[in-house]
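Here are a few short exercises to work through with the model open in your viewer. Try each task before you read its solution.

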Amino acid sequence: MTSTTPAPAKPAMPLSFRVELLKISGAKASLTDMTTREPFRRTIGPIEVTLTKFYTDPSSKNPYSFTGTTDAGEKFSWAGYFYLDPIRSEGEVTLDNVSLNKYAPLYQDFVRFDIRDGVISLRSTYNLVKSSTTNVFAVTNTTFRLESLKVGEKGNTENIIDLPQLSVVGASADAIHRTAEVNSVLVRDARLVLRRDKNDAVNILEVAKPVANATNAPGGILFLLQSVTNALAMLLNSTNAASGVLHDVTVTNCSLHLEDQANARPAHLDIDQISLSAKELSNVPGKDMTADLSLRWETNGTVHTTVSAGLSPAHADIKLALNDIVLRPLDPYLEPHVNVYITRSKLGMDGTIHVVRTNEALPEVTFKGDVRLNDFSTVDGAIGEDFVKWGSLRVSGIDANLNPPTVAIKQIAVDDAYARLLIETNHTINILTALHLDALATNAAPVAKQPEPTKKNGKKPFTMFSDAERSLTNATSVAIPAKISVGAIVFSNANLQFTDRSIQPPVNATIGQVSGNISGISTDDLQRADLHLTGKVDNTAGVEITGKLNPLNQKLPTELNILFKDIDLHPTGPYSVKFLGYRLNKGKLSLDLQYNLTDRKLKSKNVIILDQLILGEKIPGPDASKLPIKLAIAVLKDRNGKIELDVPIDGSIDDPSFHLGKVIRGAILNVLTKIVTSPFSALGAVFGGKGEEISYQDFDPGHSELLAASAEKLDTLVKGLYERPGLQLEIEGSIDPKTDLTAMRRQTLEKTFRLTKWNTLRKSDQTESKPESVQLAPEERTTYLKEAYGAALAAGLITTNGVATTNQVAQRVVRTVSSRSDDKAGAKLRINNFDDIKVPANDMESQLLETIQVSVEDFQTLANDRAQNVKDYILKTGKVEAARVFLTQSGTSATTAKGSRVYLHLQ
């Protein structure tokens, strides 16, 4: 069984119809929309419609024309040809003098802006083909012109957009093939006002939003809005496959006013004379695009950049030239971080950026050029006085690369820099206040991590580059660390001023004329930079800083040597009054500071030299030291008027309690305290003595002659007094009531024996000797002892209670002598006849010693003789002036009884 498929039927021929001429003239139409808040009315006409030689034949070319005007002076026309099969048309459409504000009633309730003026003109040719096999929609030779556009926010008379002229010439587009081409775009004298309010709302974005009841728009308006939205969505969705070229863009004499009220202080910036010339802007591979942009920044600054870019691969070469860019308009953005105002600045840059897209995560981005910041000046936001400034800062020979990350700088040169360290009357420090570190300075507790800030309405703060920041963070978190090197940082004529107003009168000091360099800075693990700086303190004293360090790599040791030479202390006189309690007459300071920091462990040597330091009158105060400062100075000051202190400091900078300034001050205070409490130890340590042993001289009991060991100590003391001419010495003699009493009695007894023998000598022998030089034989001494003993018994100086009871012979002698007490000679004779009686010598001598009287005056004489002998020894050396040595006595008693010594006191 077979089946046959019938042949398709031929389409029926269309009805043949012909119109030679259809013409409508003088027609009018009235349009009224009463659904808007203000009724919209428009009269269109007169209208001219012409259709000539219209044929229903598919191949017939049917000409048409449609022109007219409106009561607002607008003109429109549509003329061309159309065909019926397939449906196709080509022709030209024109619109002239269309006033946008005339249509305000249709949209004013549904948008947040007012179009206050604006005239549109449009001219375009088109080609449309619609068939089962072919779809064509293209426009060619389109010209669009927008003039006198003025757009403002509702309720605000200021225009946020002011556009005198926008022209688009020679535009062509093919919607089916997704291609577009524009010969030129011209923008002239445009002005844009961009403002962000305290709630981070940006005016342009806010006015672009529809009002809340926009969905209740009349049908025609809603349809129009939806159509525009859909058209934009279709355009955006097709951009991946679309291609286009813009041959020429010209922007002349445009301006931009920026205002940001989101900061505590509003930021204002005016950019004008904006000119842009761009050629061959395209997303078509192989096209070379160029652009030249120039503008004026805040009246005097200029920016000029040229761009050459292309696709496949994506690349761009950008040349930047910035001159005299003032940063003052941007300093409100610094306020959350620093309390500093930028008063003057001129930023400049000359460089080239090269960008090439690669297959790696990051593109290849390089920058080569120079940056400068001249005539820069800031003031402290709290007190409004100079903070940091410089004449010029030049960063030259920059060679930076993003992938791999490297930054190489040939030189950084700073000329005429100035910084000020100021302590205010309330003891605040300007640097801490300016950097918002004043709270941290008084509270060292760790700061908890703060949550991400939000506004009262719950919105996050406006961050234009938040996505870019996150992308860069993610990309660099796994990247290798940047390699940074700086050939040299060169300083010329830098100045640092110090002012302390916390005391009166204020203290002022300046380190000026600082010049030098830091060379060889690098992140290289094996490289340290060489530091060499010189300067002057108050234009006289020299300053030199040398060393090796690596500020970019803390693993390497840092070595610093800091020398200050002959700083005049007179400007710091108020400190002397406040902390020492004395007016400063004169003095100079030199410092030799050596610091070594390795593995965050600090070792330092701080040599402090004071030259010709002289304090004046005493001025008591609550902060003045209670230490005898003048004594400390006298102990430390050598014969040439110099004081030298060596204060070594060690510690870890990771220790929260380690603060170098406080540690040094504490160490110096400890040194001074030790000096004033143990001045002889300080002298002994310097001149080879044995510490506080120099402060006294020992004597044999009953004697005032210097001992050999005492003389040795006195030699050390004399050396110290000679080298410390500011010291005065007080000498205080002393006795021991027990040992000196016994010794002095024995000396008296011996003196009596020698005198007795001397009296027995012939006159000739007496003239040749003195009693104290007479020598006694043992038997002679015994004889004299018995005689003295008998005399003491006869005189009643010794009683029976004072004689040993076991000595029966002695007791009998006592009784016999007592019975003949009136016969002195007989008593003496009788005693001499007791040769057969052996009286122990120790008993006789001890009893005799008890009978010898030593007066207070005798003790005073011994103490004075001892002190005088010490004084005489010191003065005989010729190294110590007599005016500096005094005999003194402490306490209220006539004689000091603190041992057989002479005590020395330094003043």
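**Exercise 1. Decide whether serine 522 is buried, partly exposed or exposed, then find its surroundings.**

Keep in mind that this is a predicted model.

Step 1: Start with the accessibility. Serine 522 has a relative accessible area of 6%. The cut-off for buried is under 20%, so serine 522 counts as buried.

Step 2: Place it in the fold. Serine 522 belongs to strand S22, which covers residues 507–522.

Step 3: List the contacts, leaving out residues up to four places away in sequence. Serine 522 then touches Ile484, Ser485, Gln527, Asn550 and Leu552.

Step 4: Zoom out to the chain. Of its 907 residues, 35% count as buried, and serine 522 is one of the buried ones.

**Exercise 2. Work out how the axes of helices H12 and H17 cross, and what makes the contact.**

Step 1: Find the helices. H12 spans residues 739–760 and H17 spans residues 841–851.

Step 2: Take the geometry. Their axes come within 9 Å and cross at roughly 105°.

Step 3: Classify the angle. Values from 65 to 115 degrees count as roughly perpendicular, so that is the label for H12 and H17.

Step 4: Name the players. H12 brings Arg745, Arg746 and Leu749, while H17 brings Glu845, Leu848, Leu849 and Glu850.

Step 5: Sort them by type. The contact of H12 with H17 has three nonpolar residues, four charged and no polar ones.

**Exercise 3. Describe the aromatic pair formed by tyrosine 64 and tryptophan 78.**

Step 1: Know what to look for. A pair of aromatic rings is described by the distance of the centres and the angle of the planes.

Step 2: Read off both values. For tyrosine 64 and tryptophan 78 the centres are 5.4 Å apart and the planes are at 80°. Angles over 60 degrees count as edge-to-face, so this pair is edge-to-face.

Step 3: Locate the partners. Tyrosine 64 is in strand S3 (residues 62–70) and tryptophan 78 is in strand S4 (residues 75–83), 14 residues apart.

Step 4: Check accessibility. Tyrosine 64 is buried at 14%, whereas tryptophan 78, at 42%, is partly exposed.

Step 5: Put the pair in context. The count of aromatic pairs comes to four.

**Exercise 4. Which charged residues sit over the ring of tyrosine 696?**

Step 1: Look at lysine 713. Its charged end sits over the tyrosine 696 ring, 4.3 Å from the centre.

Step 2: Now try arginine 901. Arginine 901 lies over the face of tyrosine 696, at 3.9 Å from the ring centre.

Methods: Residues numbered from 1 in each chain as written. Predicted model: local features only at pLDDT ≥ 70, side-chain atom pairs only at ≥ 80, totals over all residues. Heavy atoms only, no water. Axes fitted to C-alpha atoms, helices over the stretch in contact; angles between N-to-C directions. Helix = DSSP H or I, 4+ residues; strand = E, 2+ residues; numbered from the N terminus. Parallel < 35°, antiparallel > 145°, perpendicular 65-115°, else oblique. Contact = heavy atoms within 4.5 Å. Nonpolar A, V, L, I, M, F, W, Y, C, P; charged D, E, K, R; others polar. Buried < 20%, exposed > 50% of the residue type's maximum accessible area, 1.4 Å probe, protein only. Phe/Tyr/Trp six-rings, centres within 6.5 Å; stacked < 30°, edge-to-face > 60°. Lys NZ or Arg CZ within 6 Å of the ring centre and 35° of its normal.
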